[in-house]
Amino acid sequence: MILLTLSVSLNSLKPPPCNEVIVGNCKKASTLHLAVVYGALYTLAVGTGGTKPNISTIGADQFDEFNPKEMGHKLSFCNWWMFSIFFGTLFANTVLVYVQDNVGWTLGYGLPTLGLAISIAIFVAGTPFYRHKLPTGSPFTRMSRVIVAAIRKWRVTIPNDIKELYELDLEEYERKGKYRIDSTPTMSLLTKASVKTRSTNPWMLCTVTQVEETKQMLRMIPILVATFVPSTMVAQTNTLFVKQGTTLDRAMGSFKIPPASLAGFVTISMLISVVLYDRFFVRIMQKWTKNPRGITLLQRMGIGLVIHILIMTVASLTERYRLSVAKEHGLVENGGQVPLTIFILLPQFVLKGTADAFLEVAKIEFFYDQAPESMKSLGTSYSLTTLGIGNFLSSFLLSTVSHITKEHGHQGWILNDLNASHLDYYYAFFAVLNFLNFIFFLFVIKYYVYRAEVSDSIKVLTEELKGMTEIRD
């Protein structure tokens, strides 16, 4: 953030000002200018990759799962965690956008840089008071050992009695403060990694717990894939949706609404939806389903996916109407401003915020909750990986659709002049893609088995263990 602030503040690190009507006549940024900007952006990306999956994990780890009261608070943690994030996003999409457009980029970048410095100070000051979990080593190494051992022993027969599989004593786990996981019949190939042989090499013999941890992480991958398509919607909101806003009447009295601030409506909608969901929807559904969360995490994600289909359908119809008005006023060729208020785009932005309250919150909570105790941060990183892949997928689809629709002399769906484009077709394509993805999601969750959660009290845990013993006997 310091580098970004310097890149817009120091004359030596930015191109000279340009008042040319044709942007192509302006002096281009030098190699140094580009190196500083892209270096800052990639550093920011690396830092975000290190902080986001871990901060949310640390936050969830502060709750004692064996304390009924704290466990109840933990069920709402992800709602309020996302609430705080989107509250910051609202500030960025409104105040910061206004400052950058009307005051200057130096202050526009300087404010979040200062805010980040304050955040670091608060984080460091609170560190002595956090509950810390001991490091358990690289999850990738443990998973790799299981996969390699299973492949090397693929011809080995699994014993009928799971007690014959390799596992450490329960006391060993208790001493290290870890959880032991019983063997499950799914993914039997991986189970072979824990079959005892003459070798004790960790790349040939793994504990049942290590095998089950690997199974849990692999079991979530189909759900992860099902979130790629809706993650592309984030890119549409920040690019094409905003670009649509630049073609419309942005005046509200004497004030002109910055197109980028439209994303603020996503945030406002999400904040309101999270509060209503946590305070009302969950309590109403608890009475019907008897589920502490109201509905399951996958059901919550499913509702979000359905809303995504609705978003792109509404966006397609809205764009079709905008294009018809542009055609009526002869604005197709000259790319002029369409005589429609920018607020006709509100429904798609509001729906996006509502979808986030269901899908994005449930996504973080699901991947954290379903990950093994020793791999929580890796599980949380799953939910962030979908955003990165979603952006890459969005770029790929945009360039591919643009190229294909221009072939054989056709005008193309996506042009620089939106009035001559056919974004309504592109949005309809996304609506179909989201629908097909929803069908895939339904197929995936049909075979998904939830990980057994840690009981909310020692008493309940004891009863469950007693019942399991009676069944086995």
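Rings of Phe, Tyr and Trp, the last taken by its six-membered ring, form an aromatic pair if their centres lie within 6.5 Å. By this rule, the predicted model holds 19 aromatic pairs. One of them joins W105 and Y109, with 5.7 Å from centre to centre and 50 degrees between the planes, a tilted arrangement. What separates W105 and Y109 along helix α4? The two residues are four places apart in this helix, which spans residues 105-126, so about one helical turn lies between them. Neither ring is hidden from the outside: W105 is partly exposed, at 43% relative accessibility, and Y109 is also partly exposed, at 22%.

Another tilted pair is made by Y426 and Y427, whose ring centres are 6.5 Å apart and whose planes meet at 40 degrees. Are Y426 and Y427 buried or exposed? Both are buried. These two tyrosines also belong to a cluster in which ring pairs link F241, F349, Y426, Y427, F429 and F430.

The tyrosines Y426 and Y427 appear again in the interior of the model. The largest nonpolar core has 36 residues, and the members that touch the most others are M312, Y426 and Y427. Several elements give two or more residues to this core: the helices α11 (240-246), α12 (263-289), α13 (297-328), α14 (346-370), α15 (376-405) and α16 (423-446), together with the strand β4 (338-341). Which element gives the largest share? That is α13, with six residues. Leaving out residues up to four places away in sequence, M312 touches M233, F241, Y427, F430, A431 and N434. Among these partners, F241, Y427 and F430 are also members of the ring cluster. Apart from this core lies another one, of 24 residues, which includes L297, F367, Y382 and V444.

Helix α14 offers two buried residues to look at. The first to be described here, K363, is located in this helix and has a relative accessible area of 1%. That value is under 20%, the limit for a buried residue, so K363 counts as buried. Which side chain joins that of K363 in a polar contact? The partner is E360, and the contact is 3.0 Å long. Beyond its neighbours within four places in sequence, K363 is in contact with T227, S231, M301, S383, T386 and L387.

G353 also has its place in helix α14, and it is buried, with a relative accessible area of 0%. How far apart are G353 and S269 in sequence and in space? Along the chain they are separated by 84 residues, yet their C-alpha atoms are 4.8 Å apart. When residues up to four places away in sequence are not counted, G353 touches V266 and M270 as well as S269.

Charged side chains also meet aromatic rings in this model. The charged end of R300 sits over the ring of Y277, at 3.7 Å from the ring centre. In a further case, K376 lies over the face of Y368, and here the distance to the ring centre is 4.7 Å.

The backbone has some features of its own. Most residues other than glycine have a negative phi. M187 is not a glycine, but its phi is positive, at about 45 degrees. This residue lies in the loop between α6 (170-176) and α7 (188-191), and it is partly exposed, with a relative accessible area of 33%. K290, again not a glycine, has a positive phi of about 65 degrees. Where is K290 found? Its place is the loop between α12 and α13. With a relative accessible area of 68%, K290 is exposed.

Finally, the model can be set beside its database record. In an unreviewed entry, UniProt places the feature "transmembrane region" at residues 77-99, 111-130, 220-237, 257-277, 297-318 and 425-449. How much of the chain is helix over residues 111-130? Here the chain is 80% helix and 0% strand, and the C-alpha atoms at the two ends are 28 Å apart. Over residues 297-318, the chain is 100% helix and 0% strand, with 32 Å between the end C-alpha atoms.

Methods: Residues are numbered from 1 along each chain as its sequence is written. This is a predicted model: local features need pLDDT of at least 70, side-chain atom pairs count only at pLDDT 80 or more; totals for chains, interfaces and linings use all residues. Side-chain values use heavy atoms; hydrogens and water are left out. UniProt positions are given in the numbering used here, feature names are shortened, and annotations may be inferred rather than shown by experiment. A nonpolar core is a set of buried Ala, Val, Leu, Ile, Met, Phe, Trp, Tyr and Cys residues joined through side-chain atoms within 4.5 Å. Buried means under 20% relative accessible area, exposed over 50%, partly exposed in between (1.4 Å probe, protein chains only). Contact means heavy atoms within 4.5 Å. A polar contact is a pair of N or O atoms within 3.5 Å; within protein, one must be able to donate a hydrogen and the other to accept it, and residues adjacent in sequence count only if both atoms are side-chain atoms. Rings of Phe, Tyr and Trp (its six-membered ring) pair if their centres lie within 6.5 Å; planes under 30 degrees apart count as stacked, over 60 as edge-to-face and the rest as tilted. A charge sits over a ring if NZ of Lys or CZ of Arg is within 6 Å of the ring centre and within 35 degrees of the ring normal.
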